[in-house]
Amino acid sequence: MPVKEVTNPLLFEMIRSFSTLAKRLNLSHAVEELGSTRQTVRRHIDNLEEIKGVVLLRVVDRRYELTEAGTHALPEANEILARGHAWLRGQSLDVNGLQYLKHEEPNGWFFHQQQHSLQSIWAQKSPLMRETFRSWALGGGNIEAEEMSHVRPFLIVYRHTAAGWICVEFGEKSFYVNWFGREKARSSVGNPIGQMPGGEDFAWMLNQSFHEVQTTQNARVDHVYTMVPRGGVGELQAVNYRRLMLGGRFPDGSSALFALVEPTDEIEIFGLDSSQFTAPSEEISIDFDLKIVKNGI
């Protein structure tokens, strides 16, 4: 049987109706958020289900709930919407097949994040990044592995919860501690990652890099150029760094995510000139010498 054709604008609205109702699980609330009508939202869902040939939502005790097919379809639907909105706003680009996200605020705040290939770990002069990647591989992604012990002080460790991504450990030599201070770092343990400006779709795109690494238990490299208040207060300061994210495990076998953030002006971001990046000051630089670290000198 031929697939029923639908115009692209209508398809986007159908997916938006499905995503919103799946989030709200209440037709009146979904209608209010969409600025639509009950009849339109129902029609969108019916048409989408007809085209896909599956039931996505059902009503149980006067409340909507996702079917198994709907549960599987929802993440991709949300991704289509987030990517579409970010692309239209110029927040998302494809650079050599890899992700580039950016956002700028009227007050001058900016955020640029460009994904790079894993080969960049070996191409760039960063003994800490190379050693962290090697240790992670040898330790099988286990945070307590002996192979990870000498690089663990440089890492930030995250856990994903119903409240979002939670920082559970800041290494004493990590960039976060150098930038914000030990007191701020200790106070931040257990707190969800704060949402940056840019809107819900931009935040979703940023979080996807975390989910991707955790789900695949793989690695990812990003170059970032943004503005952050030093010590968590005061005026915003520009900062540029490389970030290596690694999927891993806690001792109980649950999923973890490790992040190595290394300040450096040796980054490459599409559309930005290298002269815009500043060399990290001595206070925030990460000093790593493999022989010294391993020997405890």
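The exercises below, each with a worked solution, concern a predicted model.

**Exercise 1. Helix 4 and helix 9**

Describe how helix 4 and helix 9 cross, and list the residues that make the contact.

Solution.
- Step 1. Two packed helices are described by the angle between their axes and the distance between the axes.
- Step 2. Locate the elements: helix 4 covers residues 68-88 and helix 9 covers residues 200-216. Their axes come within 9 Å and cross at roughly 120 degrees.
- Step 3. Classify the angle. Angles of 65 to 115 degrees count as roughly perpendicular and those over 145 as roughly antiparallel. The crossing angle therefore makes helix 4 oblique to helix 9.
- Step 4. Give the handedness: helix 4 passes helix 9 in a left-handed crossing.
- Step 5. List the residues. Helix 4 contributes Pro75, Asn78, Glu79, Leu81, Ala82, Arg83, His85 and Ala86, while helix 9 contributes Asp201, Trp204 and Met205.
- Step 6. Sort this contact by class: 6 residues are nonpolar, 2 are polar and 3 are charged.

**Exercise 2. Strand 10 and its partners**

Is strand 10 largely enclosed or open, and which strands pair with strand 10?

Solution.
- Step 1. A residue is buried if its relative accessible area is under 20%. In strand 10 (residues 255-263), 8 of the 9 residues are buried, so the strand is largely enclosed by the rest of the structure.
- Step 2. Strand 6 (residues 155-161) pairs with strand 10 in the antiparallel sense over 4 bridges. Strand 9 (residues 236-249) also pairs with strand 10 in the antiparallel sense, over 9 bridges.
- Step 3. Take Leu257 of strand 10 as a reference point. Tyr158 stands opposite Leu257, and so does Gly247.
- Step 4. Look at the hairpin of strand 9 and strand 10. There are 5 residues between the strands, and Gly253 has a positive phi near 90 degrees.

**Exercise 3. The hairpin of strand 1 and strand 2**

Find how strand 1 and strand 2 pair and which residue in their hairpin takes a positive phi.

Solution.
- Step 1. Strand 1 (residues 57-60) and strand 2 (residues 63-66) form an antiparallel pair with 4 bridges.
- Step 2. Val60 stands opposite Arg63 in strand 2.
- Step 3. The hairpin has 2 residues between the strands, and Asp61 takes the positive phi, near 55 degrees.

**Exercise 4. The setting of Arg130**

State where Arg130 lies and what surrounds this residue.

Solution.
- Step 1. Arg130 belongs to helix 6 (residues 127-138).
- Step 2. Its relative accessible area is 28%, so Arg130 is partly exposed.
- Step 3. Leaving aside neighbours within four places in sequence, Arg130 is in contact with Ile121, Trp122, Gln124 and Lys125.
- Step 4. Arg130 and Leu244 are 114 residues apart along the chain, and their C-alpha atoms are separated by 9.8 Å.

Conventions: Residues are numbered from 1 along each chain as its sequence is written. This is a predicted model: local features need pLDDT of at least 70, side-chain atom pairs count only at pLDDT 80 or more; totals for chains, interfaces and linings use all residues. Side-chain values use heavy atoms; hydrogens and water are left out. Axes are lines fitted to C-alpha atoms, for helices over the stretch in contact, and angles run from 0 to 180 degrees between N-to-C directions. Angles under 35 degrees count as roughly parallel, over 145 as roughly antiparallel, 65 to 115 as roughly perpendicular and the rest as oblique. A crossing is left-handed if the near helix is turned anticlockwise from the far one by less than a right angle, and right-handed if clockwise. Contact means heavy atoms within 4.5 Å. Ala, Val, Leu, Ile, Met, Phe, Trp, Tyr, Cys and Pro count as nonpolar, Asp, Glu, Lys and Arg as charged, and the others, Gly among them, as polar. Buried means under 20% relative accessible area, exposed over 50%, partly exposed in between (1.4 Å probe, protein chains only). Two strands pair if DSSP finds at least two bridges between them.
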